[in-house]
Amino acid sequence: MSAPAAQAASLYDLDLPAQPLSKSLTEIGSQTHANVIFSPEAVAGRQARPLRGAYSTQAALEALLSGTGLGVSTTRGGSYIVAPLPAQAAPVVRPAPQPLAVWEAEPPQPVIVRGYRQSLTEAMRIKRRADGVVDVVLAEDMAKFPDNNLAEAIQRMPGVAITRDQGEGRSVTVRGLGPDFTRVEINGLEAQAATDGLAEGVNRGRGFDFNVFPSELFSRVDVLKTSSADKPEGSLGATVNLVTPHPLDRKGPHLAAGTQLTYNDLGDRSGARASVMLSNTFAGDRAGILVSAAWSLTPLDLQGVNSGGWNQGTADGGFCKPTQATGGPCDVANLTQATAAYNSVNRATTYIPRFYRYTDLQGDVERVGMTASAQWQPSQHTLMTLDLLYSQFRTQRTDHFLEAIGFSRGASQGGKPESVPLDAVVDGNNTLVYGRFDNVDVRSEVTIENFTTMFKQASFSLKHDLSDRLGFEGLFGVSYSKFANLEVSAQIDRFNVDGYSYDIRDGGQYRPRIDYGFDVSEPSNWYFGPRVTQPGGTGATGPELRLRPNYLHNGYKVAQARFNYRLNDAWRLTLGAEAKRYSFRSIFYRLIQGEANFPAPSVGIEALTKPFCGLSDILEAGHSPDCWRIPDIDAFITEYDLLGNTGRTALSTTNPAARGFNQAVFENDTSLYAQAEFRRTVWGVPVRGNIGVRQVRTDQVSEFIANVPVSIDPSGQRLTQVHRTYSDALPSLNIAADLNGDTVLRFSAAKVIARPPLASLAAETSVQVNGGARRVTTGNPYLEPYRAVSYDLSWEWYPTTGTVAAVGLFYKDISTYVQSLTHVAPYATTGLPAELLSGTGATVTDDFVIQRAVNTPGGPLYGVEITYQQPLRFLPGIWSGLGVRMNYTYANSQIDYFTTSALGSVIVTADLIYLSRNSANATLYYSKGRFEARVSANYRDEYLLAVPGGFNTDANGMDAATYIDASASYRVTDRLTLSLEGLNLTKETNGTWSDSVARRTTDYRLGGRRLHAGLRYSF
């Protein structure tokens, strides 16, 4: 096909307002990349009508010129000439583009999008037509989303920030409200996908893990930031709707296929990804079938520094006071220096790292996804759609650690009370920045994470016009997310090492100098076997073998029905109902006889270990060993029949260590709603919108294993259920006024709810001992949901096609909040039975982090979003292909957090967790002819992760970060495109901290750059 012919056959999305005809002709030429020729005299003084929809160049010009006395002809070279029609010829009158149907929120025919610039233009058009505040991301072409990761594509929208895990986007925060406050739908059906990670662990909440899916499966993402009565409840922040492609989107046969090679420069490893989509329509384009599939294998390499958190010097029994010439374990040579070190370290105000360590994590992430869709439109009044979606996300990761584990242990485990300070430096923030110690327990640890999330969804929808005024819409669907993880860990220890030291005075917290005091690469220096007590020691301790199979099941069954009745040209009434069943179940196994105190192996330590070298990028020369001896997991599995589930390695869900994690929540939600939509002219201004109310009833069942007296049950436990019901009436209002041809003013108000965190709804207390990490958590099945009243006011200006400048104000009055009261205290203060510590190695005198879920008053959340987007077509020559897209969001909140400490209860006012006060995105793109390129920057301000923080600090938080990505593509032919993409080009890091003033690092990770090179073929 020749270039002019291909151009004539291509459809372009146009959105031209009423304006001078010369301007409309110029914009058609620019947007369709055509040469449109006309004389200024022929069009002088003429006004063009609005032109909106998908057109070829020829059809757009003919529609625009219809009835003007002007016509269009083409040259052999493909130019379009606009000139007056011959006087003797009657003007050819063609039907002008029909205005959009009064009550259609979407265009009557799907718009074919090709290229980044056109995807932005179409997304902006959808935003402009909406009654509420909505932002949209569209695929650039068939099976081609703007970013390889769904969360990273959504983060380009104003007000949206993401949390990264394992080097990529995982969950989203909208306007400062975290993942638990955001509802996610797939093709209009509520869904949840949950997996595991590093930063946030297993997702046992209501948040959605976007990294489960290949982005190629989706054609569109909508983020609805305001509520309406016809939208399901459950969100304080936003509703995100993921849309898969459908066969009737594009008529006729279509094929798209692509492949990429990927490279991670941190581990110097490569991977690959591939996708394919096939669709066809038949029966006069009234029926169609579409199938798609995507696969990717991505290398995972992360290096970092982890402190295990910072605890007080006096915690866990404090340090051993130096002595001299007593023959005891705390004798030192320089008593004066050691005593001074002890006096500065062994204080409640001094904070020390619980186990400072470098970390090296290696593995692979594999995604497999498939969709299928069938549509049948037997008449213009009826449409039936069947959608199927499958995705599997699998991570295989091996984590390598070398650490001073003794500082996180109490006296009962022969930990910190046996360690004696020799020298110390404490800075002005009471942080131990340098310390040298004797009698320190050191550990080498390897953990293998092998987890998979499998997601399935099926839905069927029916739209039918019962009459000219009455319509029906129905949707039924089911979805399941099943997570499974086989976590295996092995450790080898060396006890009471002399001369251990760390120093962060010169290199800072992210590059500590760590001297372990012995040759960590020599096998004979390590130990595995039963717990042992050192001479003069305070308790027995030893390495562990951990086998922790755990599973998570989430499921939705949803049925929706609604009737739409058009009262007249100005009003439409909608009545609807929804029934939804949600199920959540957590299953957790632990070794019945505990994870420590395994018998001595039948082979030497050398046969159970192997050498490891790593930390290639993060470690500076001489700061710490880069090679050390590690446990050989396979050898330990063989030696102890670790996977045999019998005898010493038998597993259970009801032993004290696992009991609290085995829980379930079931919810039956029913709702009825009424909504009136209006399209009116008020004082000469077109006004549109909706007003309605949604009545919701939630029937909730919490299931857990409760501790009971043996007089009630000889086992000391009983499966327990707690039932409760609550109802809410949720009114809403959305108004949009088209002030003139290019300006929209919006106002929205709504009462909204978000249901309580799942893990907090189990009333039972869970006791967790994970090496040096000890935690007691108590839930509350009677928690009230989060409740708030939300207001939005926005101004949007659309001066030309593809251009928008917008300012949006938002305010949320959060009246009911859910938080965890957290403090650190000995286990004995909880009143729980000591039997729950059986097999953990901990005792009732050890310090635990104690948490309890409660409802508290909330507080206000407010902010502003600023958006600017423009294709720079006014630039000369090749520069006219440039364009910019920018947005900035400011958010603030004041939430009262109720905290407890040794000094009593304290109310702390702080930001909402996950809220970044400042976030911004900027993209500079180029799109002209066959070449496209763009570079994007994303900034997210620091934010809080927990209030209060761990170990009697005020807060835990995440550092600010800026990510820069770039991509380029060249369309070799109309069917073949070559592409190159680079992610995290500046090798940005993720860092978390404890204490808002001292900013003591808890975790710091370097993920490296990712490069993708590939090709796509489509027709």
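Confidence in this predicted model varies along the protein, from a mean of 43 in helix 1 (residues 3–9), where it is lowest, to 98 in strand 34 (residues 627–631), where it is highest. Residues 1–9 have a pLDDT below 50, and beyond near neighbours in sequence this stretch has 13 contacts in the model. A further stretch, residues 88–112, also stays under 50; for residues 88–112 the model has 40 contacts beyond four places in sequence. Where pLDDT is low, the predicted coordinates should not be read in detail. For the protein, the mean pLDDT is 88, and 70 or more is reached by 92% of the residues.

The largest nonpolar core comprises 73 residues. Those that touch the most other members are Ile154, Ile186, Phe208, Phe210, Phe213, Leu236 and Leu242. With residues up to four places away in sequence left out, Ile186 is in contact with Ala191, Phe208, Phe213, Phe218, Asn241, Leu242, Leu389, Phe455 and Gln457. Another core, of 52 residues, lies apart from the largest one; Ala341, Leu402, Phe407 and Val440 are among its members.

Ser444 belongs to strand 24 (residues 440–465). Ser444 counts as buried because its relative accessibility is 0%, the cut-off being under 20%. Its side chain reaches the backbone oxygen of Arg629 at 2.6 Å. Beyond residues up to four places away in sequence, Ser444 touches Trp628, Arg629, Ile630 and Pro631, and also Phe401, Leu402, Ala490, Gln491, Ile492 and Trp526.

Methods. Residues numbered from 1 in each chain as written. Predicted model: local features only at pLDDT ≥ 70, side-chain atom pairs only at ≥ 80, totals over all residues. Heavy atoms only, no water. Core = buried A, V, L, I, M, F, W, Y, C linked by side-chain atoms within 4.5 Å. Buried < 20%, exposed > 50% of the residue type's maximum accessible area, 1.4 Å probe, protein only. Contact = heavy atoms within 4.5 Å. pLDDT = per-residue confidence, 0-100. Helix = DSSP H or I, 4+ residues; strand = E, 2+ residues; numbered from the N terminus. Polar contact = N/O pair within 3.5 Å; in protein donor to acceptor, adjacent residues only side chain to side chain.
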